[in-house]
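I sat down with this one to look up a few things about cysteines, cores and a charged side chain. Here are my notes, in the order I took them.

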Amino acid sequence: VTPRYTELQLDALRELANIASGNAATALSQMLGREVGLNVPRVHALPLADAVDACGTPDDDVTGVVIPLDGDIAGVVLLLIEPRGAETLCRLLGVEAWSEIGESALREIGNILGTSCLNALASMTGLHLEPCPPHLTTDMLGAIVSSLALTQTASTELVLVLDSELEVADEPCSISFVLLPTAGGVTDLLTPLGLAEAA
Amino acid sequence: MGTVRMGEIQVSKHAGDELVARGLGSCIGLALIDRLSGVAGLAHVVLPESNGVEASDEPGKFADLAVPALVARMQKSGAVVRRCDAVIAGGAKMFDLGEMDIGARNAAAVKTGLARVGMTLRAAETGGNRGRTLRLTVGEFVVTVKEAGEEPVVLFDGTAPKRFARRTAEVAA
């Protein structure tokens, strides 16, 4: 069964993503002591190949920080950071990029952004949501996104991607903030809002 | 011609064409080459089993359907199955999230499919935890595999002497 989402549901998911990534942007701003800009989140319900393309060029190198969700909803929060952005973040935090401590700093950013996003989602929906310890890899975007989506979603379902860009002011650093729920997870997000019916 | 996206199959007999499966994670790039007829094809396989799901718009998606579908497309372009060389790459486990190892199952399913049609696997670069890009150049029939941040490595070189030619030479000697 391929879930189809109504415009109303997609709007509601976009609003959830907007508030969740807004919280994440605030947390990042406090952590870095810089202004962090946020665009309006994009919400896509797409076949897998298109969902990967929506996140970027499949063979571009990116650093991916994966925060699996625990609690009432299955899914992952994924941060995609371009190499230059990863270097910028490490510089702003005063650690050496591409070192063990640099990786651990990026993991910590993932942890904090993931937690603030989940707190926002939890308070809006009344669901219990907790982040698991983050995983970090620097690899091809397509390999990261497709492999994650395949562990989240049954083969015939559309993949729901909630995607927003965080931009650190005056620095070459943008972070793609992606929420990748399972199909069941989407329904669980929509139920407390009274919008689960048509999902 | 060019990028073979997830679930797609492309076949070409035009020398110089490139068939590329980009950013393979747990997916498999399956390249088939018939040097004599000059036909080559590439499938970007996503999952091992179709389990009865129809995937006519994504013929390369499931390994059990992708192998026969790619073989049929190759034959239609003039390839002969018993002459074909098969090369695969991908099937990584990108994250250790405690889930099933889809990459390993994909690799096993593609190998099973190849064995079923009696095709020889000439080279394979599978498993591990790194993403890969597989590139096949039609005409020279060179297959390269590139990992993130690394230089491409030649996995198969179709410009090397053909096996039957070598065998003939041995017989003559």
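I began with B:C27, which is buried at 1% relative accessibility. This is a predicted model, so I kept to what its coordinates show.

Next I asked which cysteine sulfur is closest to that of B:C27. I found it in A:C55, 14 Å away, too far for a bond. Looking back from the other side, I got B:C27 as the closest partner for the sulfur of A:C55, again at 14 Å. A:C55 counts as buried too, with 13% relative accessibility. A disulfide would need the two sulfur atoms within 2.5 Å, so this pair at 14 Å does not make one. My tally over all chains came to 0 disulfides.

Then I turned to the nonpolar cores. The largest has 52 residues, and A:L48, A:L78, A:L80, A:I144, A:L148 and B:V143 have the most contacts inside it. Which element gives the most to this core? I traced that to helix α5 of chain A, residues 141-152, with 7 residues. I also noted a second, separate core of 48 residues, which includes A:V43, A:L69, A:L89 and A:L113.

I followed up on B:V143 and set aside its neighbours within four places in sequence. Its contacts include B:I33, B:V87, B:L134, B:L136 and B:F156, and also B:R135.

My last stop was B:R132, in strand β7 of chain B, residues 132-137. Is B:R132 buried or exposed? I have it down as buried, with a relative accessible area of 4%. Its side chain reaches the backbone oxygen of B:G127 at 2.9 Å.

How values were computed: Residues are numbered from 1 along each chain as its sequence is written. Chains are lettered from A and ligands numbered from 1 in the order in which they are written. This is a predicted model: local features need pLDDT of at least 70, side-chain atom pairs count only at pLDDT 80 or more; totals for chains, interfaces and linings use all residues. Side-chain values use heavy atoms; hydrogens and water are left out. Helices (H or I, at least four residues) and strands (E, at least two) are DSSP runs, numbered from the N terminus. Buried means under 20% relative accessible area, exposed over 50%, partly exposed in between (1.4 Å probe, protein chains only). A polar contact is a pair of N or O atoms within 3.5 Å; within protein, one must be able to donate a hydrogen and the other to accept it, and residues adjacent in sequence count only if both atoms are side-chain atoms. A nonpolar core is a set of buried Ala, Val, Leu, Ile, Met, Phe, Trp, Tyr and Cys residues joined through side-chain atoms within 4.5 Å. Contact means heavy atoms within 4.5 Å.
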